[in-house]
Amino acid sequence: MSHRQRHTKSQKKRKISNFLAKYPHTGKLTADKFAKIYEHYDSNNSGFIDEDGLDKFFHDLLETMTTDEVTDQMAKDMQECFMSTYDDAGDGRIAITELANILPTDENFILLFRREEKLESSVDLMEIWRKYDQDRSGYIGEGELKDFIKDLLASKGSKDVPDQTLQDYCNGLITIFDKNRDGRLGLKEMARLLSLREEDNFLTQFQSIAKNLTYKEKLAHFNKCFEHYDKGKSQAIEGDELVAFVKDLMEPDMEDITETEVELYKKGILATCDKNGDGKIQKDELKIVLGLYTEVGL
């Protein structure tokens, strides 16, 4: 076999294994193609391109830019160069908005991920969830997701978006965030879409901190925990506040969470810990919940 034949064979093999080679650079990527690329390189489902996915992405990207053989060092050099320019958060990983600087796509689609007001807690998540889960199925279906997209774009000044465009954006979000591939978004998947990260889970943070605290310090953090979920200042965790609390309690042990599962778990908690039977969790009852369902003893 001649050198040219070996080189051609090598190029063909490289194109087959290179995911980016499926989408040649011909201007801006569609929302759907961009979403597929992002989902592919988010290899550990973290919501970012990091770790192995980051190395693979830059290796594949460089291969699409040259016909020469790409070495690991060449890919590493390129990665360092691009990350110093485009890693706006400086966290060593690529977020969706940062990838759009490297692989240009539909600007309106990226607007969906540029939110000026960050969710502060799962209570905020539940307010949005109640608004768009209009059929109370416990999921955000395709039509409901399109309504969410339409409202979000309108709030950013993009009105009268064609229905086909909304559908394309909807497909893109489903590709990225629907990890169990059921064509809809569960609570945990919607939380990822809204940039409410698992590391922002207030209850998980509290449990982690409490292990090394004195009783007095633990009690002070317990009061902060109660105030965090008692958004209405009613001296009780109730309604969506209670749903948000239960969701945070379940999150570390579950790949995805449905509203139905949250409701069942909530009923179990109330049956055990709601001593006055009012369907709410007062401060003294929260101590019981944390004692039974977490490692935090008070």
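**A walk around Ser-121**

Let's begin with one residue and its surroundings: leaving aside residues up to four places away in sequence, Ser-121 touches Leu-196, His-228 and Lys-231. Keep in mind as you look that this is a predicted model. You will find Ser-121 in the loop between helix 6 (107-111) and helix 7.

Is Ser-121 buried or exposed? Its relative accessibility is 3%, and because buried means under 20% relative accessible area, Ser-121 counts as buried.

Ser-121 also has a place at the start of the next helix. Ser-121 caps the N-terminal end of helix 7, with a side-chain oxygen 3.2 Å from the backbone nitrogen of Val-123.

From here, follow the chain into helix 7, which covers residues 122-132. Which of its residues are buried? They are Ser-122, Val-123, Asp-124, Leu-125, Met-126, Trp-129 and Tyr-132. These buried residues pack against several other helices: helix 8 (142-155), helix 10 (187-193), helix 12 (215-229), helix 13 (239-250) and helix 14 (259-273).

Now for the empty space. Rolling a probe the size of a water molecule over the atoms shows where empty space is left. In this model, the count comes to 1 cavity of 30 Å³ or more, and the largest cavity holds about 50 Å³ of space. Ser-121 appears again here, as one of the residues lining the largest cavity. Its companions in that lining include Glu-120, Ser-122, Leu-196, Phe-202, His-228 and Lys-247. Sorted by class, the lining has 5 charged, 4 polar and 2 nonpolar residues.

Notes:
Residues numbered from 1 in each chain as written. Predicted model: local features only at pLDDT ≥ 70, side-chain atom pairs only at ≥ 80, totals over all residues. Heavy atoms only, no water. Buried < 20%, exposed > 50% of the residue type's maximum accessible area, 1.4 Å probe, protein only. Helix = DSSP H or I, 4+ residues; strand = E, 2+ residues; numbered from the N terminus. Contact = heavy atoms within 4.5 Å. Polar contact = N/O pair within 3.5 Å; in protein donor to acceptor, adjacent residues only side chain to side chain. 1 Å grid on protein atoms, 1.4 Å probe; cavity = no way out; pocket = protein on both sides within 12 Å on 5 of 7 lines; lining within 4 Å. Points joined across faces, edges and corners; volume = space filled by probe spheres on them. Nonpolar A, V, L, I, M, F, W, Y, C, P; charged D, E, K, R; others polar.
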